[in-house]
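Please open the structure in your viewer and keep the sequence panel visible beside it. The tour proceeds by selections, and each stop explains what is to be found there.

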Amino acid sequence: GAFAGIQLAANVAGGANVLTRDFGFQAATPRSITGRLWNDTNRNGAVNAGETGFAGVTVEVLSIVAGAGTISATNGSNTITGTGTNFTALNPGDPILINGVAYVVQNVASNTSLTLTKLYTGSTAGGLAWSRPSAVLLTTTTNASGDYTFSGLSAATHIVRVTDTTERLTGYGSTFDVLSGNFAVGGKFT
């Protein structure tokens, strides 16, 4: 099982008994993430009457790991600089978390410099921790209403990413921050 091999050391010397090597377990509480992709025809970021979902769009949920080194960020700027960072492991479109807030990488200039697709909104600071996506945990496809659900997740921070491998969103653009909640998609790109 998942816990096979868990061990605790016990030093038994001189006829002593060790009575404190107990293993307590509890039932895991499954977590889930649910959302919707829809055609946001009025571009307000809310599902309104007559706005239909996008069926058959692929969506992934990813685990998060701490990024190497620390970063410096300036409020109102989209340039991030790093110390001891490995930004070249990132690609444009990858999400990163800065102080728990999701941003999207626009461009990677070097191991220590990248730009975001939107301006950094936190306090100007250096020595900040950052996180990046790690492994894809689950992949699903939206149903006829554009809804998706990921179940059985651990209690942790996750990132949901629209991959659209079936290209059902070709020509559409996001109408608000896709990392903050439901995915609103509306308006054709020109």
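The following stops visit the sheet, the nonpolar cores, the salt bridges and a loop residue. Please bear in mind throughout that this is a predicted model.

**Stop 1: the sheet**

Begin with the strands in a cartoon display. Nine strands, in the order E8-E3-E4-E7-E6-E5-E9-E2-E11, form an open sheet with antiparallel pairing. Strands of a sheet are paired through hydrogen bonds of the backbone, in a parallel or an antiparallel sense. Which strands stand at the edges? They are E8 (125–128) and E11; each has a single partner strand, so one side of each is left without a neighbour in the sheet. From one strand to the next, the twist averages 40°.

**Stop 2: the pairing of E2 and E9**

Select residues 58–66, which make up strand E2, together with residues 130–141, which make up strand E9. These two strands pair in the antiparallel sense over 8 bridges. For one example of a bridge, show Val-61, whose partner in E9 is Leu-138.

Next, select Ser-63, which also lies in strand E2. Is Ser-63 buried or exposed? Its relative accessibility is 18%, and it therefore counts as buried. Apart from neighbours within four places in sequence, Ser-63 is in contact with Arg-132, Pro-133, Ser-134, Ala-135 and Leu-137.

**Stop 3: the nonpolar cores**

Now display the side chains of Ile-80, Phe-87, Leu-90, Ile-96, Ile-98 and Leu-114. Within the largest nonpolar core, which has 15 residues, these six touch the most other members. Strand E3 (70–73), E5, E6 and E7 are the elements that give two or more residues to this core. The largest share, 3 residues, comes from E6.

Centre the view on Ile-96. What does Ile-96 touch, beyond residues up to four places away in sequence? Its contacts are Leu-90, Val-101, Ala-102, Tyr-103, Val-105, Leu-114, Leu-116, Trp-130 and Ser-131. A second, separate core contains 10 residues, including Val-57, Val-61, Tyr-148 and Leu-169. Val-61 has thus appeared already, as the bridge partner of Leu-138.

**Stop 4: a salt bridge between E10 and E1**

How many salt bridges does a search of the whole structure find? The search finds 3. For one of them, select Asp-147 and Arg-36, whose side chains meet with a distance of 2.6 Å from N to O. Asp-147 belongs to strand E10 (residues 147–153) and Arg-36 to strand E1 (residues 31–39), so this salt bridge ties together parts that are 111 residues apart in sequence. Asp-147 is partly exposed, at 23% relative accessibility, and Arg-36 is partly exposed as well, at 26%.

**Stop 5: a network of salt bridges**

Select Glu-60, Asp-94 and Arg-161, which are linked in a network of salt bridges. The side chains of Glu-60 and Arg-161 meet at 2.8 Å, N to O. This pair links distant parts of the chain, with Glu-60 in strand E2 and Arg-161 in strand E11 (residues 158–162), 101 residues apart.

Arg-161 also forms a salt bridge with Asp-94, and here the closest N and O atoms are 3.9 Å apart. Asp-94 is located in the loop between strand E4 (79–83) and strand E5 (95–98), 67 residues from Arg-161 in the chain.

Which members of the network are buried, and which are partly exposed? Glu-60 is buried, with a relative accessible area of 13%, and Asp-94 is buried at 14%. Arg-161, by contrast, is partly exposed at 24%.

Keep Glu-60 selected and show its surroundings. Leaving aside neighbours within four places in sequence, Glu-60 contacts Val-136, Leu-138, Thr-139, Phe-150, Ile-159, Val-160, Arg-161 and Thr-163. The C-alpha atoms of Glu-60 and Ile-159 are 8.2 Å apart, although their positions lie 99 residues apart along the chain when counted as a separation in sequence.

**Stop 6: Thr-112 in a loop**

Finally, select Thr-112, in the loop between strand E6 (101–110) and strand E7 (113–116). Thr-112 counts as partly exposed, at 36% relative accessibility. Beyond residues up to four places away in sequence, Thr-112 touches Ile-80, Thr-81, Gly-82, Thr-85 and Phe-87. Two of these names, Ile-80 and Phe-87, were met at the stop on the largest nonpolar core. To close, add Thr-70 to the selection: Thr-112 and Thr-70 are 42 residues apart in sequence, and their C-alpha atoms are 9.7 Å apart in space.

How values were computed
Residues are numbered from 1 along each chain as its sequence is written. This is a predicted model: local features need pLDDT of at least 70, side-chain atom pairs count only at pLDDT 80 or more; totals for chains, interfaces and linings use all residues. Side-chain values use heavy atoms; hydrogens and water are left out. A salt bridge is a side-chain nitrogen of Lys or Arg within 4 Å of a carboxyl oxygen of Asp or Glu. Helices (H or I, at least four residues) and strands (E, at least two) are DSSP runs, numbered from the N terminus. Buried means under 20% relative accessible area, exposed over 50%, partly exposed in between (1.4 Å probe, protein chains only). Contact means heavy atoms within 4.5 Å. Two strands pair if DSSP finds at least two bridges between them. Axes are lines fitted to C-alpha atoms, for helices over the stretch in contact, and angles run from 0 to 180 degrees between N-to-C directions. A nonpolar core is a set of buried Ala, Val, Leu, Ile, Met, Phe, Trp, Tyr and Cys residues joined through side-chain atoms within 4.5 Å.
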